[in-house]
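This briefing concerns the structure shown below. Metal coordination and strand pairing are its two topics.

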Amino acid sequence: MKTEFIPMSTRVRRALASVSLGAILAGGGLVLVASPASAAWSNCSSNYACMWQGKTYPNSPNASFKTALQELTSSNNKVNSVVNRGDTSAVRFYDGANYTGASLLMDREGNWFGFQWRDPDLSNGTDDTSTDWSNRISSGKFV
Ligand SMILES: [Ca+2]
Ligand SMILES: [Ca+2]
């Protein structure tokens with residue numbers, strides 16, 4: 001009697017195994033889908049200044065630097081949210097490459113100098129300026 005059940009249970013196990021794998025994959029997919037919702041400025045590593053093309057820091061930063069970035073590449077003139085997680089100084093973002101043109105100052109993490117150190121939407125300005133800074137940043141450095 002047992003010998004009759006063994007092949008059957010093997011089939012059931014295989015079926016269950018594939019269902020479980022599917023469920024695991026689906027679960028992984030759900031986690032991946034859920035990440036953007038939990039995305040935040042904290043996706044920027046400590047000691048870095050980070051830039052996102054989207055507003056409110058979606059997913060991982062599109063560009064970042066630890067000391068300076070002479071010229072953005074794929075995100076040039078496409079940045080809409082920024083954060084300064086540097087622990088020693090403020091960051092200045094520039095409209096032009098090579099730190100030229102109009103600039104935007106962001107405090108170091110924690111409002112050390114008394115103004116904002118991250119901004120989820122550059123279109124409505126920051127503590128530093130009321131100017132629309134969406135899609136403008138081309139370079140940046142710690143100052
Ligand atoms: Ca620019
Ligand atoms: Ca703003």
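The points below take the calcium sites in turn and then the sheet. The model is predicted. Two calcium ions are described, ligand 1 and ligand 2, together with an open sheet of four strands.

**Calcium ion (ligand 1)**

- Asn77 (OD1), Asp95 (O), Asp95 (OD), Arg136 (O) and Ser138 (OG) coordinate the calcium ion (ligand 1) at 2.2 to 2.5 Å.
- Along the chain, the donor residues of this ion, ligand 1, show the spacing N-x17-D-x40-R-x1-S.
- Asn77 belongs to the loop between strand 3 (68-69) and strand 4 (81-84), whereas Asp95 belongs to strand 5 (residues 91-96); the pair therefore ties together parts that are 18 residues apart in sequence.
- Asn77 is partly exposed, because its relative accessibility is 35% and the partly exposed class lies between the limits of 20% and 50%.
- Asp95 is likewise classed as partly exposed, its relative accessible area being 26%.

**Calcium ion (ligand 2)**

- The protein donors of the calcium ion (ligand 2) are Asp119 (OD), listed twice, Asp121 (O), Asn124 (OD1) and Gly125 (O).
- These donors of ligand 2 lie 2.3 to 2.5 Å from the ion.
- The spacing of the ligand 2 donors along the chain is D-x1-D-x2-N-G.
- Of the residues that supply these donors, Asp121 and Gly125 are buried.

**The four-stranded sheet**

- The sheet is open, its strand order is 3-8-5-6, and the pairing is antiparallel.
- Strand 3 and strand 6 (100-106) form the edges, each pairing on one side only.
- Strands of a sheet pair through backbone hydrogen bonds, in either a parallel or an antiparallel sense.

**Strand pairs and facing residues**

- Strand 3 and strand 8 (residues 139-142) run antiparallel and are joined by two bridges; Leu69 stands opposite Gly140 of strand 8.
- Strand 5 pairs with strand 8 in the antiparallel sense over four bridges, and here Phe93 stands opposite Gly140 in strand 8.
- Five bridges link strand 5 to strand 6, again in the antiparallel sense, with Phe93 opposite Leu104 in strand 6.
- Gly140 thus has Leu69 opposite it and also Phe93, while Phe93 in turn faces Leu104 as well.

**Link between site and sheet**

- Strand 5, which contains the ligand 1 donor residue Asp95, pairs with strand 8 and with strand 6.

Notes. Residues numbered from 1 in each chain as written. Chains lettered and ligands numbered in written order. Predicted model: local features only at pLDDT ≥ 70, side-chain atom pairs only at ≥ 80, totals over all residues. Heavy atoms only, no water. Donors = N, O, S within 2.8 Å, 3.2 Å for Na, K, Ca; no water. Buried < 20%, exposed > 50% of the residue type's maximum accessible area, 1.4 Å probe, protein only. Pairing = 2+ DSSP bridges.
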